Amino acid sequence: MSRLKVLLPSARHLVTEELARGVVERYDEAAVGEHTVDFERRLDLGGFDDAVSAVMASHDAGDLSMDGAMAEAVHRQLRLSRREAADPGIWRYLAIVHRPEVVRHRWEYRSFATMRTRFWRHGTRFDANAFSRWWWVAELTVMAEDYSLTHRALGSSALSTHLFSRQLAWHHPTVAACVRILADAPGADVERTLRVLGKMLGLRVAEAMGREELEGLVRAARG
Amino acid sequence: MTASQRVKRERFLPFAFERHGLSVRVDSASLDGASLPLDEGDALHVDDEEWRELTLAGAVELRKGALGGLPGDERVRPGEVADLWLVVQCDRTAWRAGHRLELEGEGAKFELSLERDRLAGVVEVVPWLVRRRSEKVPPGYAGAAGARLATGARFAVYPHEPASRAGEFLEVVYVSFGADAVLSTQPWRLYHLETHGETPVLRINADHQDVVRVLDAKGQTGLEARLREVFYDLISRGVWSLLFMSAVEALDEDGNAPRRWQEGVLTELLPFLFPGAPKAERMDELLALRADEAHLSLLATQCDEALQQRLDLVKHINRLIDTARGSR
C-alpha cells in the first residue's frame, strides 16, 4: 500500500507542461526517489485514494462542484496536525507524484503558469496546490466533523477565491459569518465586501468579538 | 543617521490608539512540565524536537499612557469597558487564538499553553487592549465592540524546525568551485549565492573538505555538532543578509514581492526588524527606510541586529565554548 511521502524543493523541475497537460500521466516513483523522503510517521494512502477516486467518478472533469466533496474527502482521509500539514512537500508529493490526474480532472489546462501553481504553490489561494487548498479550506471551516460550512464556502467560486486568500479566513467565527451572509451573493459583491471587511477588521480584534458582532460587521461591510 | 532622526511613514488608526501602550513579560516557560531556560529579550527558541505542550507564564503590563485610547471618564475605570487579550498567531499553520485576560490594576497575569501540533515556524503572541462592547464616545475615540485601543511589542516563539524544510526558499548544493569555469578563480570562497531565479541557489564549495564534513555531521551532541551550529550561523548570516537586501530591492511601492522566496524572507525577518511596530505597519516602515538612501546603513544595521537575534548566535557560540572546554 502507498504511503505518504514528502517531495523536496529540489523536485521543482518535475512540474512540467507535459505533466500539467497529461502527456506525462505520472512519474515512476522510483525515478523521483532522490527527491522524496518518508513522511515523519507511517500514513497509508489507501483510504485517501479510494475517497478521491470516488469523488472523481461522481463529477465531470472541470466541475467546480467537486471542490466541497474533494475537500471533505481529503481532510477526512488525511488525519494530519496543522504542523504536519504546513509542510508543502506532502501536498507536492500528492499532486505531482501520487495523483496528478486529480489536479487535471478538476482544472482544465488553460495556461501553464496557472496550472503550474496548482501543483506547486502551498496554501489556500484559488491557484494553490489542489490538495493543499482542499485540505486547508476544510481545516479552516470544519466544526466537529461537520463539513457543511466547507461545502457552502467552496460552493461559491467568488467566495472561496476572495475569502481564502485573506488572513481573516484563519479565524473560524469570521469565516462562518462570511459564509452565512455571502454564500449566495454575486461575485462583485463578495469581492468588495471582503475588501471592506478586511479594512474594518484592521481596526478591531476579531477574537474579542462574538458571533452577532461579527455578522453585524460583515453586513456593515456589505453596505 | 540615528534611529531618532528617521522619517517614519506610519499608518494611523482613525481614533486614539496607543501602539506602545502594552508590554508582554514572560517570567517562566516549561516544556511538557519541565522548566525551560528563557532567552534574553522578547523571543524564545525551543531546541527540543519532541514535545507536546509549551507553557508560558507571565504578565501583560499597562505602560504609561496605555489608556490613551479611552475617553477621560473611562480611564478611571478601564476594567469596566475594556479587556486585555493575548492573540496567538502562527502564519504557517494559519492558527489564530485569542485569550481574554482579567484586567486588574496595571495589567494582567497569564498562563498560555501552546500545542506543538498546531505550530510551525514563528509563533507570535500579541497583546491588545480592546473595547468590550459598543459605547457612545466623544469624537476621536473608538466606540465599537472589539475596537483596538492599545497594543505593544509581540513575544515570539521559535519551535524547532525539521531539516526537510530547510530548502523551501533556498536550494543548497555542494559543488567543487575548482571545477567551475567561473568560480575556480575564487578558490578561497566558502559559498556563492544566486538570487536571480524563482528559487535562490546556495552553492557551497565542496573543495573545503573539513568544513563540509562538519556541515554534514549528523550527531546532536559533541564538538562537531556544536561547530556545525556555529558554521551554519556564520553562513546563514551572510546568506540571509543577501537574501534580505535582494528581497527589499525587489519590492514594489505597495510592498508586494514578485517572488515567493522574497515574501518568505521578509515575513521571517520583519518582526525582528521592527519589534515595536504592529504587524500591519512593518512593511510601511521598511518601505520608508528604503525610500531614502541616507537610511540604507540603518537598514543594514537593523538587518544585522535581526539576524543575530534570529540565529541565536551567542547561544551557539557559548555552547561551542563549553563543549571545547569540556573536551580539553
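This tour moves from the interface between chain A and chain B to a surface patch on chain B. The model is predicted.

**First stop: the interface.** Please display chain A and chain B together. Across the boundary, 27 residues of chain A are in contact with 36 residues of chain B. The two chains bury about 2700 Å² between them, and carbon and sulfur atoms give 54% of that area. Next, select R83(A), W170(A) and E207(A). These residues supply 25% of the area that chain A buries against chain B, more than any other three residues.

**Second stop: polar links.** Keep E207(A) selected and add R96(B). These two residues form a salt bridge, in which the closest N and O atoms are 2.7 Å apart. The count of salt bridges between chain A and chain B is two. Which helices of chain A each supply at least two residues of the side that touches chain B? They are α4 (82-85), α5 (88-98) and α8 (130-141). The count of residue pairs in polar contact between the two chains is ten.

**Third stop: a patch on chain B.** Now select V172(B), Y174(B) and Y232(B). Together these residues make a nonpolar surface patch of about 260 Å². To place V172(B) in the fold, colour residues 171-175 of chain B, which form strand β11. Why can V172(B) count towards a surface patch? V172(B) is partly exposed, because its relative accessible area is 41%, and a patch residue must have over 30%.

Definitions and conventions. Residues numbered from 1 in each chain as written. Chains lettered and ligands numbered in written order. Predicted model: local features only at pLDDT ≥ 70, side-chain atom pairs only at ≥ 80, totals over all residues. Heavy atoms only, no water. Patch = residues over 30% accessible without salt bridge, like charges linked within 9 Å, V, L, I, M, F, W, Y side chains within 5 Å. Areas by Shrake-Rupley, 256 points an atom, 1.4 Å probe, with all protein chains shown as cover. Salt bridge = Lys/Arg side-chain N within 4 Å of Asp/Glu carboxyl O. Helix = DSSP H or I, 4+ residues; strand = E, 2+ residues; numbered from the N terminus. Buried < 20%, exposed > 50% of the residue type's maximum accessible area, 1.4 Å probe, protein only. Contact = heavy atoms within 4.5 Å. Buried area = accessible area lost by both parts, 1.4 Å probe. Polar contact = N/O pair within 3.5 Å; in protein donor to acceptor, adjacent residues only side chain to side chain.
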